[in-house]
Each structure stands twice: as structure tokens, then as C-alpha cells.
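Grab a coffee and work through these exercises with the structure open beside you. Try each task before reading its solution.

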2 protein chains.
Amino acid sequence: MAPKAPKFELKTPKGTKDWEGKDMVIRDKIFSTITDVFKRHGGVTIDTPVFELKEILSGKYGEDSKLIYDLADQGGELTSLRYDLTVPFARFLAMNKDIQNIKRYHIAKVYRRDQPAMTKGRMREFYQCDFDIAGIYDPMLPDAEVIRVINEVFEGLGWNGEYTIKLNHRKILDGIFQVCGVPEDKIRTISSAVDKLDKLPWTEVRKEMTVDKGLAEDVADRIGEWVVLKGKRDLLEKLEQDEKLSANESMKQGMADLRLLFEYLESFNAFERVSFDLSLARGLDYYTGLIYEVVTQGSAPEKAPVTAGEEGAAAAPKQKKKSKANSEDDDRSDDPTVGVGSVAAGGRYDNLVGMFSGKTQIPCVGISFGVDRIFSITSARMAKNKTAEQVRKNEVDVYVMAMSGNGFLKERMEVCAQLWSAGIKAEFMYKVKPRMPAQFKAADNNGVPFAIFLGEDEVANKQVKIKELGLSKDHPEKEGILVSQQDFVAEMKVRLQRKKELDQVAVQAEGLKVVDGIKKGEQDGDAAAEAAPAS
Amino acid sequence: MAPKAPKFELKTPKGTKDWEGKDMVIRDKIFSTITDVFKRHGGVTIDTPVFELKEILSGKYGEDSKLIYDLADQGGELTSLRYDLTVPFARFLAMNKDIQNIKRYHIAKVYRRDQPAMTKGRMREFYQCDFDIAGIYDPMLPDAEVIRVINEVFEGLGWNGEYTIKLNHRKILDGIFQVCGVPEDKIRTISSAVDKLDKLPWTEVRKEMTVDKGLAEDVADRIGEWVVLKGKRDLLEKLEQDEKLSANESMKQGMADLRLLFEYLESFNAFERVSFDLSLARGLDYYTGLIYEVVTQGSAPEKAPVTAGEEGAAAAPKQKKKSKANSEDDDRSDDPTVGVGSVAAGGRYDNLVGMFSGKTQIPCVGISFGVDRIFSITSARMAKNKTAEQVRKNEVDVYVMAMSGNGFLKERMEVCAQLWSAGIKAEFMYKVKPRMPAQFKAADNNGVPFAIFLGEDEVANKQVKIKELGLSKDHPEKEGILVSQQDFVAEMKVRLQRKKELDQVAVQAEGLKVVDGIKKGEQDGDAAAEAAPAS
């Protein structure tokens, strides 16, 4: 019977972790908030295997292919763990020729043999929440809906406008590169260099272009004039007014797309948080049109110096201070979103399905939410708001207790069975004769709102006592109420429903809830002024 | 732009499949029904990595270890895909010494390099839904609650008592083997032979014991007298009355456990579907006490010969015909559950955590539901009940349509944005100027219950028309109702709520719903008479 100690270190594999307790509850709440938004837009879910044939993944991720996890060759097919959910989705569409259009969402783990940085939320096993619209439609309509979905997700998570949706267009970038004189065969590699502008200053990126990648200095300088710019309609107009750019065929297509997109985003009330940012390039090769990335200062306040007064008083995290500097370059270095990394990213990929199906092409546009990073930011906010303390580990509504040395085990079990049959979440102590304090402690540990007591009198009179836990001393029902054994289930249902409604009102009044819809930000003056992308 | 065809067969790896469409909706419904039950009993969920260090899994699954999927050695740790959720749970408990008791549930995929039999639901990647109670408690209380959980899950899935919970006790089996004269070193292998009694007749099993495993013939015959028996309290009394058996120490412990369990199951109203079955042995080595397995005839009627009259008329699947034969052996061969395989299984394992933690022992008892098989049976039932046709692929509530050649794109988008902001699920056609029939078809394809129309008059008068789709010709609101653009969201909410309530009433009346709680079976005379394990 005496077990022998294992000879290896007891741990999860490198870059992976267990999820449990309140973290798990919060993450589940994030999933359900995101799922609600996806369903609100007609999304349906699919489930693909965690591993794919090795050939499916190869040639899709460029340099990052080295990060793919292979399964051992144990005879039979060679397979690899999925690297993202996009390539499996394209494979699925190519295999199911009867599906010509779909709004699909998929929430699942993906795998990358990267160097893990657990504190920054970079893991080898992590969740992605993807929403993609596949099908042939009038231009930019699905693209606009995806941007609207991004807004609803972050508002649903209670971020109150504290995020920026950076967007750009591959055809605009390519047009700029062409007009500036980048040779056709260097366009993708120069694009990769530009993508680093969120981490490096322009001088560094310019060096990579010229010294490392052999671009002529004057070409780099011309690029430098454009890719540091960001704005909204103003930037689009600036591009349109430039004679050389506006004559470029690729630019023309990209600009027409953006003009239409901006109009649609206004109809969708989803333009507010958008920043047209020419420095955004995105790494993956398969994007063909609109690209976007969501950034937030999020957890940055923890690292950035904050004055004591600001830190203590704010109910919600403060918005970043507006930089007074007018130079784009200076503004970037002051931007608290720099280096935090994106919390969601995506774009249009019109040619990926065709890579599998040969002839059939199904254009797609989509977004992938990085849940681990969203979790870190959300839980930091909850810690600050003290809402984390209110998170319960389980959802038990009623703790059934014996108030007698007898223990009334059979009676407690029968009461629980009746509650369960009515769909009510209930527990009792797994002891024949439990002590009172132990039962109260168990209920208290999990924040159970109600207790049902069984004492000598109650059992003799075929009654139970229902008591709401945590009532104030002078509350008229502080001592609980007696109900017959026939009626207590119905009574319990009424009380639970009433409590649920009251809790909802309270939560809404405090503005603490992770809400489902987009609502006007009311918590914080600064945030509300800048946020509120919805009606 | 013309994509090249891939050079390999486009498929998912052997023994895996994609899930989509109605199947996915039905499977999600099964998950949520099961999750509701787990939460009702105070369950909390954890999430462990899909792969574990290879050492964690080795030495836990006996012969079946050869079915473990290894990841390729790409430098670093050697890891394998999890084979079940139980061993990772035990590893988790051993690592988290602050958790001394927990009711944990875990719904996730597991991996076995078995020979797949897709039609029987045997896959290489499949879902398990596990609920386990860990901690030191008074005897048989958590065990009884797990049996109650099994009842609630299958009643929640609408199986109306059409399942049998076979149970046995390792200590009773071991006691019988000892008393019958099985040498101590042969006990596990003889136990494995007994476990095959659900697939093979006694004569075959006897042959395996004597010829293959070298057991004396008289010992095998004595075992044969016992292991073919099943019953309830009657069988327990028969064991208790046997002088030799009741003198055996292992038997004594097992019989005391069962006596207590049966009492508790009556208090929990969960004894009805239980069959104390001495032929149940369960393969895995780590069980130490109570073991159980849930079987059903389930999909069997599809294979068994059924007379035409019976097949057409029954609203719910018929219960099996009672066999007139009294011999246990004959009855077995007539039992339609034979060969169908179990839909859930589990037991008590008190020593597994200690295999990892060295000293700390945390006793556990749990159940694992095999969702793929439950899915096959549930969807076969739904097909028979014609409820599958009612399953919608998405959950969209409102389809927003233009009733004018103008297309009213901007107006449709604004209406959708307002609905989304209010949390209402809405779609519109991704076309600038969609045709009426195409819009109706899109709404109809997904069974969308409401449409909002925007025509010339409506837009001019700042109104919308709300129309419930599929109303009868003479319904007073057949043509829809006009509402101002200010009020339509509130009006839509009221109507959706009302429809939801009416649908629930209708569904309950038809008894078709996959219900949450245990309810009295009312659909089918036969089933109801035998079923209804609840109050």
C-alpha cells in the first residue's frame, strides 16, 4: 500500500500549465463572452482534430514552420499538432465542397515549440478563439462585420474602449513599396521589416532594410516617409492626393477597399477604435487584403511609472496620457501599447483554401483572439477592481446542513436529491455526523448563498429551515424561515430567482459585470469620452 | 493566382474526424447537459495540457500502454498525448498539495492509437467527460453521489431509464477468487478473463481461465457459479449467507461497502437502474473498490429485427422484451445490451495519487462518460423522434431584409448594429442590392424565426416592419407589424422573450427536450413504468 516516490520531477511539459480555481472560472467567462458575440453574428462552430497530416501544415508558416510539433513516427501516417486554427479551417473547407459559405468559430488549443515566456503569456500550448467568414460576397461587408465583432468582444469583456484596432491593407503596402522602388522580389522581406516598427524605431528598421536586406538608401527613405503614418480618413485622403501613389493599380484597389470599409464601419458604429496604421504589415504570407491587429495598454500600468494619486483613486484603469509631441516618431515611443503585443489579429486570405482544393477558391476573412493574453489583462483589471474576490470557484446555491448531533444523513441526502431533481445546485457534507462549524465553513469557503437546516424540530415537524447566508444582524429573516418538506423546493426556486435578479441589478449598478453587449462606458470619465463605439 | 493541387490525399488523420453542422450542435447540447449536472453537484473544472511527460503515463495502463501516442523527440523533454483524464488528474492532485479535496470535472479529448472502428464510435481522438470526487470522507458517500450523477446525466439526456448501471466491487471479486482457490498471483489475470463475460459466454471464459491461464478446472467451476449472477439486495444477501464467502476478510469489506451504498442510493432516489453484477471486473489496474459501467440497448433496435408495426408507431424507442427464460446464461445471450459496449464507466481508485506524490494519498472516485458513443445513440434517437430536423445550425433570431430595389444597405447595417448592441442575434445579406427571394431563402435555410423588413415606406416613415416567419395564413400578424425605428429593439426583445417561453412550453409538452433535471418519464408507457428513478 505504501506508494513509491516517482523518480522524475513532477511537472507539466515545458511551456504548458494546468488551469484551475478562479483562473479557470475567469477564463471560462471570457470564452462564453466571446462565444456569445460569435453566435450573435450567426457563427457556427466546428471541431477539427488536434493533429493534422504533416503535409497539410508544411509550407504554410514560412520561417515559423520550425516551431511545429511533430508526433513520433510509430508506423502509419506522419502527423503534427496544429499550429493555428486557420490552416485546419482552410483544409476543412477544401474537403467539404458542399460548404461554399460559412461563418465559423472555433475555440481550441494550438501548439508552437517556441521559447516560452510564461509571464508575458507566451506558451507552447495556448488557446485561440477564431471567427472567420468564408464565401463570395460584395466587397468589404464581411470585413466590416469582423471589425464590429472585435468591438463587441472587447466591450463585452468590459474594456470600455481601451484598445486600438490597427488596420492596414496588403495592397496599399505593396503599392507603396512599388511606388518607392522596391524590387518585386524584395517586397515580402521589406514588408517583414516594416512589421517590426511596433517594436523597433524607424532608424533600426531602416538599417535592416538597407544593410541586411540590400535595399537602396533612397528607396528606404521614401518608404520611411509613409510607413510611420497613422490616422483615419485623413491618412486615406493624404494617400489619395499623392499623384504617384494614386496612379498605382495595387494602391487604387486597396484605397477603394478602405474607403468602403470606413463607410461600413460608420454604419456599424464600429469606427471609433480603428487606427489606419501604415506600419502594420503582419507576418503571415497568406493575407491578401485587409489586415488588422488589436493592441491595448492593458496590463501596462503595472510596469509603467504611475503617480501614487492616480493609482489609488481610479475605479477603472486610466486611459493613456495624450502625448503633446506632434512628431509621429516621438508619439510612438511614448505609446504605452508599444511592446505589449497584440491581443487579437487577423485579416483577409483569399487564396488559402485553393492551396488545398486545387481549383475551388473560397475567399475568407477572420480574426483570432489570443485568450491567454486577454486573460492576463482581464484578471489584472479584476484584481484592481477587487472583482476577483467576488469570483466563486463553484456555483453551489444551497448547502444542506444538519443542526443536530444525530447528523440526519438520510434526511440531508433526500433533501439534496429533491433539490438536484429540480435543477438546483446543492451540496452536503460527506460525513455521517458533521459538526456545525465545519458545515458553515464549507458553505462559507465557496460563498454558497443559501443554507437549508435540518434540526430535531424541523425533522419532527416535517419541515426544513431555509436561511440566506450573510444577512445583516437586523434583517427580519436573519434566523431563517421554516417551510414544510412539501414546499421547500418551490420556495427555494423562488428565492434563488429573486436573488439572481437582485444580483444582476447590483452588478449592473456597479458596472462591474463582464457584459454581453456593447454598452456606453459609464465607469470612468476618461474612458467613456474616448470609448462608447455603440449606440 | 491559380493554385496548384496538393499532391497528397486531403483528409484528417486515421481515426479522427471533423465535427460540424447539426452533429456539432447536438454534441454541444450533450456537453452542456452533462456540465449542468456536474455543476449542480458542486463540480469545478480544471484544464491540463494535451500532452504529459512520458514518465507520467508509463506504467499506468498495463497492456494498453502500446496505444499511447508519443510526440517526436525534437530536442528537450519526451512527451506523450494523454490517454485518459484520470492519470493527469492524479498528477495534478499530487502537484498541488494545497488541494486535499475537490469535485473536479474535465471535458476534453484523449488519444489512443487503437484500430479505429468509426461506425461503432471507436476513434483515435475522442472526448471524455469526467467527474471525480477526491478527498477523505465517510465511506461510500461520494460513491453514492457519483451514481446519482450518472442517473441525472442520462435522464438529462432524455434516456428515460433506458440504461443499466452495472456495478461490482473489487474486494468482492477478489474475495470470491480467494475463496474459490485462485492463487494470489493469478487474481488480476483471472479478473481480466471474467471481464470478458459481457462479450463471451461462460464456456469460452472458462476455457481462457483453464487452458490459457492454467487455472484448475474445479476452481474455474466454483468461480463460474458466482460470476454469472446479478441482482440487487437479493444477490448481496446470497453472498452474505454463504458461509465461506462471508468469512473472507476482503468480502466482508466489500459487502459492508455495498450494503451502505444501496442504502444511500435509496436516499438519493438513484437505486432503480442499478444492477449488482458479479461479471463486471473492469480492465484498469488502479481501481481499488466500487467499479461500475453503464450499458444501454441504445442504438441496438437499428440492428435487431423489429416488426414493421412496432417500428413505425413508437414515439420513443421500445424497451427490450422481457426474456421468459429463467437461466442467467440464456438471459444474457438474449440481452440486447450485450456487445453494444458501455457509455460510461468508472470506479474508486484510492492509490493512484500516491504513485506520483510518494507519500500523500488522496482517495478518489469518479466516472467517465464516453461522449462519442452517447452522441451516436442520442442522434439515432433524435432521428427516430424526428427531433433532429428541428435542430438549427445557427441561433440567429432576426434576419434583416431590404424590400426595395434600393437595397437599403446602410439602413440594414444600422438596424443590425442596434440589434447586436442589445445582444440580439441578427444577420443580413452581404449584398449591396439583394433580391427578396434570396433573403427569404437565407432566413429559411437556418430556420430564423423573425425578419425585419426595410422598404421604401418604412425608411421614409422612420419605421421597420417586424414579421414572425412561418405564421399561418389567417394569423392576425401574418403581414407583420410596423414599429418606429426608436422602438423596434425593445419590441424585438419582448417578442423574442415571448417566443422563447412559448417554445419551452411546447417542447415540454411534447417531451422532446433534452432536459436538465431528472423528470418523470411520460413519453412511453413501457419506458415510464421501468424508468423514473427520481421524485
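**Exercise 1: Salt bridges across the interface**

Task: In this predicted model, how many salt bridges link chain A and chain B, and which residue of chain B does Lys11(A) pair with?

Solution: Start with the count: the rule picks out 14 salt bridges across the interface of chain A and chain B. Now zoom in on one of them: Lys11(A) bridges to Glu77(B), with the closest N and O atoms 2.4 Å apart. For this pair the cut-off is 4 Å, so the 2.4 Å contact passes. Next, look at where chain A gets its contacts: helix 17 (residues 409-421) of chain A gives the largest share of the side touching chain B, eight residues. Sorted by class, that side of chain A holds 47 nonpolar, 22 polar and 33 charged residues.

**Exercise 2: Buried area**

Task: What area do chain A and chain B bury between them, and which three residues of chain A supply the most of its share?

Solution: The two chains bury about 8700 Å² between them, and 59% of it lies on carbon and sulfur atoms. On the chain A side, Asp47(A), Trp420(A) and Tyr430(A) supply 10% of the area buried against chain B, more than any other three residues.

**Exercise 3: The sheet**

Task: Which strands stand at the edges of the open sheet in chain A?

Solution: First read off the order of the nine strands, 1-4-5-11-10-9-6-8-7, with mixed pairing. Strand 1 (44-45) and strand 7 (230-231) of chain A are the edges; each has a single partner strand, so one side of each lacks a neighbour in the sheet. Further in, strand 6 and strand 8 of chain A run parallel, joined by three bridges.

Notes. Residues are numbered from 1 along each chain as its sequence is written. Chains are lettered from A and ligands numbered from 1 in the order in which they are written. This is a predicted model: local features need pLDDT of at least 70, side-chain atom pairs count only at pLDDT 80 or more; totals for chains, interfaces and linings use all residues. Side-chain values use heavy atoms; hydrogens and water are left out. Two strands pair if DSSP finds at least two bridges between them. Helices (H or I, at least four residues) and strands (E, at least two) are DSSP runs, numbered from the N terminus. Buried area is the accessible area (1.4 Å probe) that two parts lose on being put together, summed over both. A salt bridge is a side-chain nitrogen of Lys or Arg within 4 Å of a carboxyl oxygen of Asp or Glu. Ala, Val, Leu, Ile, Met, Phe, Trp, Tyr, Cys and Pro count as nonpolar, Asp, Glu, Lys and Arg as charged, and the others, Gly among them, as polar.
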